[in-house]
2 protein chains.
Amino acid sequence: MTTAIRSEFDQGIALTPHPDGAGRYDGELGAGWRIGGGVNGGLLLAFAGHALSLAHTARPESAGHTDPVSISGYYLSSAVPGPATVHTEVIRTGRTLSTGTASLVQGGTERLRVVASHGDLAALDGEVRTTAAAPQLPPPEQCIGVEHAPRELLDQAALLERFDLRLDPATVGWALGQPSGAGRIQGWFRLADGREPDPLLLLLVADALPPVTFDLGMPGWAPTVELTVHLRAKPAAGWLRVVHATRNLAGGYFEEDAEVWDSTGRLVAQSRQLARVPR
Amino acid sequence: MTTAIRSEFDQGIALTPHPDGAGRYDGELGAGWRIGGGVNGGLLLAFAGHALSLAHTARPESAGHTDPVSISGYYLSSAVPGPATVHTEVIRTGRTLSTGTASLVQGGTERLRVVASHGDLAALDGEVRTTAAAPQLPPPEQCIGVEHAPRELLDQAALLERFDLRLDPATVGWALGQPSGAGRIQGWFRLADGREPDPLLLLLVADALPPVTFDLGMPGWAPTVELTVHLRAKPAAGWLRVVHATRNLAGGYFEEDAEVWDSTGRLVAQSRQLARVPR
């Protein structure tokens with residue numbers, strides 16, 4: 001008999017259906033996913049997206065709708081380590097997509113409101129006509145591991161210990177006091193414990209890199225207002241490549257676009273968030 | 001005494017608060033905003049965003065939160081011309097942003113579910129550090145007016161008659177059977193009746209151009225799954241420049257990014273939608 005060892009990420013988004021059966025799921029936000037003053041927004045999105053996945057697959061008419069295809073989260077207040085509940089509501093079940101809302105609550109205070117459409121990424125047709133090109137990165141062993149991050153960054157970002165994140169040396173000048181000003185950070189990503197990527201992990205990855213504002217010479221954490229992720233294919237096993245970029249910092253806000261590419265060179269996720277400029 | 005002449009757009013998104021006061025607003029979706037088999041998704045987003053604007057401004061604690069700053073819509077079924085009701089719920093009122101949901105319903109069937117954060121765009125700080133560049137377009141009089149669109153397109157898109165839309169000749173090869181394959185359509189936009197742009201109009205503009213799939217040689221309307229618009233500044237009076245582009249058509253879906261620039265050269269809106277590839 002073997003004992004199942006659950007990965008840190010699976011533990012991080014683990015949920016138990018509430019016995020009342022009314023679409024409520026209970027879990028625990030782990031201290032290992034902290035960043036700045038709260039729990040990472042990507043982890044919260046995966047937590048809520050997981051609850052909706054459970055809600056859809058529990059119903060015969062949407063049993064195959066496991067994967068978030070499009071998911072939008074509005075961040076209402078900082079989540080903290082500890083118990084958290086997700087209240088889900090299924091709005092509509094279609095042939096290929098089921099849409100629902102999720103509300104992530106801690107101690108009566110809502111942290112995150114989500115709307116999402118779930119489907120079956122494995123069932124999508126195979127046509128690919130993309131003009132997007134994967135980022136050119138030096139091999140992982142020539143990139144900069146998180147262990148080289150400034151101490152004050154690591155102290156504020158427990159979640160970095162969950163990652164094997166290797167940043168392109170061309171986009172880490174900010175760590176040496178020389179931000180490029182281009183508003184772009186890119187690198188290789190995998191989980192430190194070797195757990196392979198799947199659609200829910202991509203929700204975390206979309207918000208896993210340091211804020212692109214670091215590369216504009218603006219240190220500090222950037223609170224997310226809204227984050228939408230489109231999942232475009234199931235990711236293959238292996239390293240992911242991630243690009244974060246911004247083009248428009250104005251009026252106290254900036255957008256951060258992320259692309260995630262899998263080891264086969266497929267663009268598996270595209271995301272955009274609106275965030276507040278760090279003070 | 002003068003009679004107020006309401007613009008077509010203001011008429012299109014006009015709403016009456018329901019006497020019960022429970023956040024319900026009633027309006028009418030006009031036949032003039034039809035496209036393909038339904039009512040244009042941008043108009044629906046403006047309709048629902050308007051309802052939330054009314055809901056926030058009706059409350060003293062969020063009276064200044066008139067403008068959608070980030071708004072996400074999930075499209076559930078095709079809207080048709082006729083009466084429509086928006087049920088709003090305020091989730092959280094903060095100092096600078098108020099967040100709420102809106103559900104657009106016709107005859108008991110939900111068409112669109114929205115989550116949005118509203119604020120006061122005029123109150124944003126004035127800093128602009130953008131690397132995004134406005135599209136280079138020939139002057140409007142050298143661009144291609146909608147009156148030159150193929151008849152079968154105009155017949156399916158009553159809303160084009162509401163627009164003074166002038167497309168860059170470099171991106172209209174598809175109208176002559178010669179799509180560029182680049183997945184990009186751009187041009188000048190204003191309302192035909194001269195009504196000047198404001199934040200709610202930008203929600204329409206984000207979904208106003210023909211689908212970028214036309215430029216990939218795929219005619220037909222592309223149903224929106226999800227559309228998120230970030231409003232980044234109040235638009236100045238005058239012509240808007242709009243760019244629609246896609247980089248990743250795969251698995252039966254594609255993303256469509258829009259940028260809207262105002263007459264002062266300011267990037268006033270950024271949007272992304274996930275849509276289904278036309279059959």
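Start with the whole structure: a search of it turns up two cavities of 30 Å³ or more. Keep in mind as you click around that this is a predicted model.

**Stop one: the largest cavity**

How much volume does the largest cavity have? About 70 Å³. To see its walls, select A:E226, A:T228, A:H230, A:Q270, A:S271 and A:R272, then add B:E226, B:T228, B:H230, B:Q270, B:S271 and B:R272. With those shown as sticks, switch on the cartoon. Which elements should you colour? Pick β13 (224-231) and β17 (267-276) in chain A, plus β13 (224-231) and β17 (267-276) in chain B; each of them gives at least two residues to the lining of this cavity.

Now colour the lining by residue class. You'll get eight polar residues, four charged ones and no nonpolar ones.

**Stop two: B:D257 and B:R272**

Leave B:R272 selected, since it belongs to the lining of the largest cavity, and add B:D257. The side chains of B:D257 and B:R272 are joined by a polar contact of 2.7 Å. For the cartoon view, B:D257 sits in strand β16 of chain B, residues 253-261.

Is B:D257 buried or exposed? It's buried: its relative accessible area is 17%, and buried means under 20%.

Next, show what B:D257 touches, skipping neighbours within four places in sequence. In chain B, its contacts include B:V243, B:H244, B:A245, B:S271 and B:R272, and from chain A there is A:R272. A:R272, B:S271 and B:R272 should look familiar, as they are among the residues lining the largest cavity.

**Stop three: the second largest cavity**

Hide all that and select B:I35, B:L153, B:A157, B:L160, B:A208, B:L209, B:P210 and B:W221, which line the second largest cavity. The space inside is about 30 Å³. Which classes make up this lining? Eight nonpolar residues, with no polar and no charged ones.

**Last stop: B:A63**

Finish in a loop of chain B. B:A63 is in the stretch between α2 (41-57) and β5 (67-75). B:A63 counts as partly exposed because its relative accessibility is 39%, and the partly exposed class runs between 20% and 50%.

What does B:A63 touch, leaving aside neighbours within four places in sequence? Select B:H56 and B:T57, and you have its contacts. For a final distance, draw a line from the C-alpha atom of B:A63 to that of B:E147: the two residues are 84 apart along the chain, and the atoms are separated by 42 Å.

Key. Residues numbered from 1 in each chain as written. Chains lettered and ligands numbered in written order. Predicted model: local features only at pLDDT ≥ 70, side-chain atom pairs only at ≥ 80, totals over all residues. Heavy atoms only, no water. 1 Å grid on protein atoms, 1.4 Å probe; cavity = no way out; pocket = protein on both sides within 12 Å on 5 of 7 lines; lining within 4 Å. Points joined across faces, edges and corners; volume = space filled by probe spheres on them. Helix = DSSP H or I, 4+ residues; strand = E, 2+ residues; numbered from the N terminus. Nonpolar A, V, L, I, M, F, W, Y, C, P; charged D, E, K, R; others polar. Buried < 20%, exposed > 50% of the residue type's maximum accessible area, 1.4 Å probe, protein only. Contact = heavy atoms within 4.5 Å. Polar contact = N/O pair within 3.5 Å; in protein donor to acceptor, adjacent residues only side chain to side chain.
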